[in-house]
Amino acid sequence: TRSLTITSADQSMFEKAQGEKVTLPCTFELSEEDEGPLDIEWVLIPADNQKRELIIIMYSVDRVYDQYYAATTRRMQFSNLDPKSGDGSLDILNLKAADTGTYQCKVKKAPGVQSQKIQLTVLVKPARTKCSIEGSQEIGKDVTLKCVSQEGSPLLSYDWRRVSGTQHLPATSVLNKNTGELLLKNASQEYSGRYNCVASNRVGTDECSVELNVTPPVNTAAIIVGAIIGTLLGLSVLCSIIFCFCKKHREKKYEKEVHHDIREDVPPPKSRSSTARSYIGSNRSSLGSMSPSNMEAYTKTPYSQVPSEDFERTPAQNPAFAPSKVAAPNLSRMGAVPVMIPAQSKDGSIV
């Protein structure tokens with residue numbers, strides 16, 4: 001008895017790049033004995049056996065069901081608008097890395113049932129490849145050129161080539177295609193130039209480049225001596241600034257102390273006229289309170305002993321003046337009351 005048969009069993013593995021489109025074939029032939037309703041179902045079998053199968057799309061009773069998962073909606077569809085014609089192939093658009101897995105096509109029309117599995121691998125092209133230099137770029141040193149792709153499905157392969165000068169890698173170079181490292185031993189100035197790295201896998205390539213400049217070794221002794229001298233000069237300048245600052249600070253402090261002592265210890269000088277007036281006024285006020293009866297007992301003070309600026313000086317600085325005799329005016333004729341002024345004799349008695 002002849003039954004349902006799947007005819008697209010030639011290719012069971014597909015490799016495509018991310019972002020591309022793939023068609024997973026599933027063609028079949030029906031027999032006269034198959035009289036039941038036709039069902040076509042695509043299922044994704046996860047790599048982990050612990051996870052259940054996911055139905056992606058299904059054709060049943062002349063209707064397509066593809067609204068199972070938002071991630072696959074509008075990206076997975078039947079290649080033929082009428083799958084019952086014998087073509088139940090699946091188109092996957094804008095492939096993603098998560099689409100990698102095993103897909104199974106099931107065709108059922110009672111009593112016949114057939115299925116086919118296809119392995120799909122979505123590869124990511126190398127991208128964001130970066131080149132760098134590790135080590136000292138001096139004559140006689142070992143220099144390593146590095147090349148790494150930030151994106152890309154394994155297995156990635158790296159290849160270096162020189163794009164300037166002889167366009168051949170130096171004879172002492174050692175290339176590791178798996179890690180992307182190019183070791184240049186005992187570098188010389190002839191190694192200088194631009195180097196290009198190509199990262200590749202089965203679905204694409206990506207490139208980057210770097211400029212190598214091998215120079216004579218640096219005189220480290222001169223650098224160290226220069227650094228020491230510069231440090232000493234800097235310290236000397238700093239010490240000079242600190243010394244000047246401290247000296248100026250001490251001078252200001254000394255000036256403030258001297259100015260403060262002068263203001264507290266030395267009273268301001270008095271004028272001669274103001275001193276004499278204050279002394280005479282005090283004596284007059286005292287005399288005004290006396291009566292004629294006790295005037296004789298009051299001590300007479302010579303007018304020549306009125307305080308003045310000369311009395312504030314030392315005896316050596318004051319010249320000796322002999323008291324002059326001045327005739328007293330006739331106060332009775334002037335209509336004034338005579339006032340007796342106390343005086344002191346040579347022996348100290350009051351007269």
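A disulfide here is a pair of cysteine sulfur atoms within 2.5 Å. The model is predicted: local features need pLDDT of at least 70, side-chain atom pairs count only at pLDDT 80 or more, and totals for chains, interfaces and linings use all residues. Residues are numbered from 1 along each chain as its sequence is written, and side-chain values use heavy atoms, with hydrogens and water left out.

**Exercise 1. Confidence**

State the mean pLDDT of the protein, then find the stretch with pLDDT below 50.

*Solution.* Start with the scale: pLDDT is the predictor's confidence in each residue, from 0 to 100. The protein has a mean of 78. Of its residues, 71% reach 70 or more. The stretch below 50 is residues 278–337. Beyond near neighbours in sequence, it has 54 contacts in the model. Contact means heavy atoms within 4.5 Å.

**Exercise 2. The bond between Cys147 and Cys197**

Give the sulfur distance, the handedness and the location of this disulfide.

*Solution.* Distance comes first: the sulfur atoms of Cys147 and Cys197 are 2.1 Å apart. Next, the torsion about the S-S bond is about -90°, so the link is left-handed. Now place the ends. Strands (E) are DSSP runs of at least two residues, helices (H or I) of at least four, numbered from the N terminus. Cys147 sits in strand E13 (residues 143–151) and Cys197 in strand E17 (residues 193–201), so the bond ties together parts 50 residues apart in sequence. Last, check burial. Buried means under 20% relative accessible area, exposed over 50%, partly exposed in between (1.4 Å probe, protein chains only). Cys147 is buried at 0%. Cys197 is buried at 0%.

**Exercise 3. The other two pairs**

Describe the links Cys26–Cys105 and Cys131–Cys208.

*Solution.* Take Cys26 and Cys105: their sulfur atoms are 1.9 Å apart. At -65° about the S-S bond, this link is left-handed. Cys26 lies in the loop between strand E3 (22–24) and strand E4 (28–29), and Cys105 in strand E10 (residues 101–109), 79 residues apart. Cys26 is buried at 0%.

Then take Cys131 and Cys208: S to S is 1.8 Å. At 75°, their link is right-handed. Cys131 is in strand E12 (residues 127–134) and Cys208 in strand E18 (residues 204–212), so parts 77 residues apart are joined. Cys208 is buried at 10%.

**Exercise 4. Pattern and an unpaired case**

Write the bonding pattern, then explain why Cys246 and Cys244 are not bonded.

*Solution.* The structure holds 3 disulfides. Counting bonded cysteines along the chain, the pattern is 1-2, 3-6, 4-5. The sulfur of Cys246 has its closest cysteine sulfur in Cys244, but the distance is 9.4 Å, too far for a bond. Cys246 is partly exposed at 33%.
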